[in-house]
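Open the model in your viewer and keep the selection box ready. This tour goes stop by stop.

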Amino acid sequence: MNQFNETNATTKTAARTAGKHAVQTGADIHMKVKTIAFVGLMGAVSAVLMLFRFPIPFMPPFMSFDLSGLMEMMGGFMFGPFAAVCIIIVKILLQLVIQGSFSLGTGELQSFLLSSSYVLPALFIYHRNKTKKTAAAGMAIGTVAVSAVAVLTNLYLIIPFYANLSGMTMDDFVGMCRAVNPAMKSVATMAVFGILPFNLIKYGVNSVVTFIVYKRLSKLIKGIISR
């Protein structure tokens, strides 16, 4: 009789444990679905922010300023580097659907390279120790990193590739830059006085805005996901 009671009690305990596990699994799945939905939503918002891009005076006219990096960095802070890359991909795909490509695909490739170069260093630093200081330091390093990558990719990959496809030359791009800023007289000065400062400004502003709004928006989003 005692053995039967013990067996029955063990069975009930196992049933309760299985029930709790099922509830937890269901809650985890629900949270994951919400997280995926928010990653997609942030990618869509990032694409919308790109619609409001504009050139910066005295900077290369083929480069545009936008705040799409805000969503990419925030998503990465909240959900990790993989989520940030997903947001970047969603942004680029939606941009292609909404506007198409004006650069024979080179702009989209550059967008992916630069966005990844901006967010990934910052996120790897932040997720090792999640504090305001590491967030600020990570974004500062990301800004410097993406600016260096922008110089290299523009001079040795994106501009030469686009020039070959469109029948232009590097001198044509230098000429466009010289028209808005006489200091850009050569490829070297275009890099020093155009490409480098443009990206420092663009991603520096994105970093400052992210630092200001992240705490409030992340609390709101995480609160919705955890419901």
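Leaving aside its neighbours within four places in sequence, which residues is Asn199 in contact with? Select Asn199 and look around it. Its partners are Met63, Leu114, Thr143, Ser147, Ala150 and Gly204. Asn199 itself sits in helix H7, which spans residues 187–226. Its relative accessibility is 2%, so Asn199 counts as buried. Keep in mind that this is a predicted model.

**The whole chain**

Zoom out and colour by secondary structure. You should find seven helices and zero strands. Along the sequence the pattern reads α-α-α-α-α-α-α. The protein has 227 residues, and 38% of them count as buried. Now consider the contacts between residues at least 6 apart in sequence: 72% of them join residues at least 24 apart.

**Helices H3 and H4**

Select residues 81–99 for H3 and residues 106–126 for H4. How do these two helices cross? Their axes come within 10 Å and cross at roughly 160 degrees. An angle over 145 degrees counts as roughly antiparallel, so H3 and H4 are roughly antiparallel to each other. The crossing of H3 and H4 is right-handed.

Next, show the side chains where H3 and H4 meet. On the H3 side, pick Pro81, Ala84, Val85, Ile88, Ile89, Lys91, Ile92, Gln95 and Leu96. On the H4 side, pick Glu108, Ser111, Phe112, Ser115, Ser116, Val119, Leu120, Leu123 and Phe124. Sorted by class, this contact of H3 with H4 holds twelve nonpolar, four polar and two charged residues.

**Lys91**

Stay in H3 and select Lys91. Is Lys91 buried or exposed? Lys91 has a relative accessible area of 1%, so it is buried. Which side chains make polar contacts with the side chain of Lys91? One is that of Glu72, at 2.7 Å. Another is that of Ser115, at 3.2 Å.

Now show everything around Lys91. Setting aside neighbours within four places in sequence, Lys91 is in contact with Gly43, Ser46, Ala47, Met50, Ser68, Glu72, Ser111 and Ser115.

**Ile87**

Select Ile87, which is also found in helix H3. Its relative accessibility is 0%, so Ile87 counts as buried. What does Ile87 touch, leaving aside its neighbours within four places in sequence? The answer is Val39, Met42, Gly43, Ser46, Met71, Glu72 and Gly75. Gly43, Ser46 and Glu72 are also contacts of Lys91.

Try the distance tool here. Pick the C-alpha atoms of Ile87 and Ala44. These residues are 43 apart in sequence, and their C-alpha atoms are 8.0 Å apart in space.

**Helices H2 and H4**

Keep H4 selected and add H2, residues 69–79. At what angle do H2 and H4 pack? The angle is about 30 degrees, with the axes 10 Å apart. H2 is therefore roughly parallel to H4. H2 passes H4 in a right-handed crossing.

Show the side chains at this contact. H2 brings Gly69, Glu72, Met73, Gly76 and Phe77. H4 brings Ser115, Tyr118, Val119, Ala122, Leu123 and Tyr126. By class, the contact of H2 with H4 has seven nonpolar, three polar and one charged residues. Two names here come back from an earlier stop: the side chains of Glu72 and Ser115 each make a polar contact with that of Lys91.

**Two loop residues**

Finish in the loops. Most residues other than glycine have a negative phi. The next two selections go the other way.

Select Phe58. It lies in the loop between helix H1 (2–50) and helix H2 (69–79). Phe58 is not a glycine, yet its phi is positive, at about 70 degrees. Is Phe58 buried or exposed? With 57% relative accessibility, Phe58 counts as exposed.

Now select Leu104, in the loop between H3 and H4. Leu104 is not a glycine either, and its phi is positive, at about 60 degrees. Its relative accessible area is 51%, so Leu104 is exposed.

Definitions and conventions:
Residues numbered from 1 in each chain as written. Predicted model: local features only at pLDDT ≥ 70, side-chain atom pairs only at ≥ 80, totals over all residues. Heavy atoms only, no water. Axes fitted to C-alpha atoms, helices over the stretch in contact; angles between N-to-C directions. Helix = DSSP H or I, 4+ residues; strand = E, 2+ residues; numbered from the N terminus. Parallel < 35°, antiparallel > 145°, perpendicular 65-115°, else oblique. Left-handed = near helix turned anticlockwise from the far one by under 90°. Contact = heavy atoms within 4.5 Å. Nonpolar A, V, L, I, M, F, W, Y, C, P; charged D, E, K, R; others polar. Buried < 20%, exposed > 50% of the residue type's maximum accessible area, 1.4 Å probe, protein only. Polar contact = N/O pair within 3.5 Å; in protein donor to acceptor, adjacent residues only side chain to side chain.
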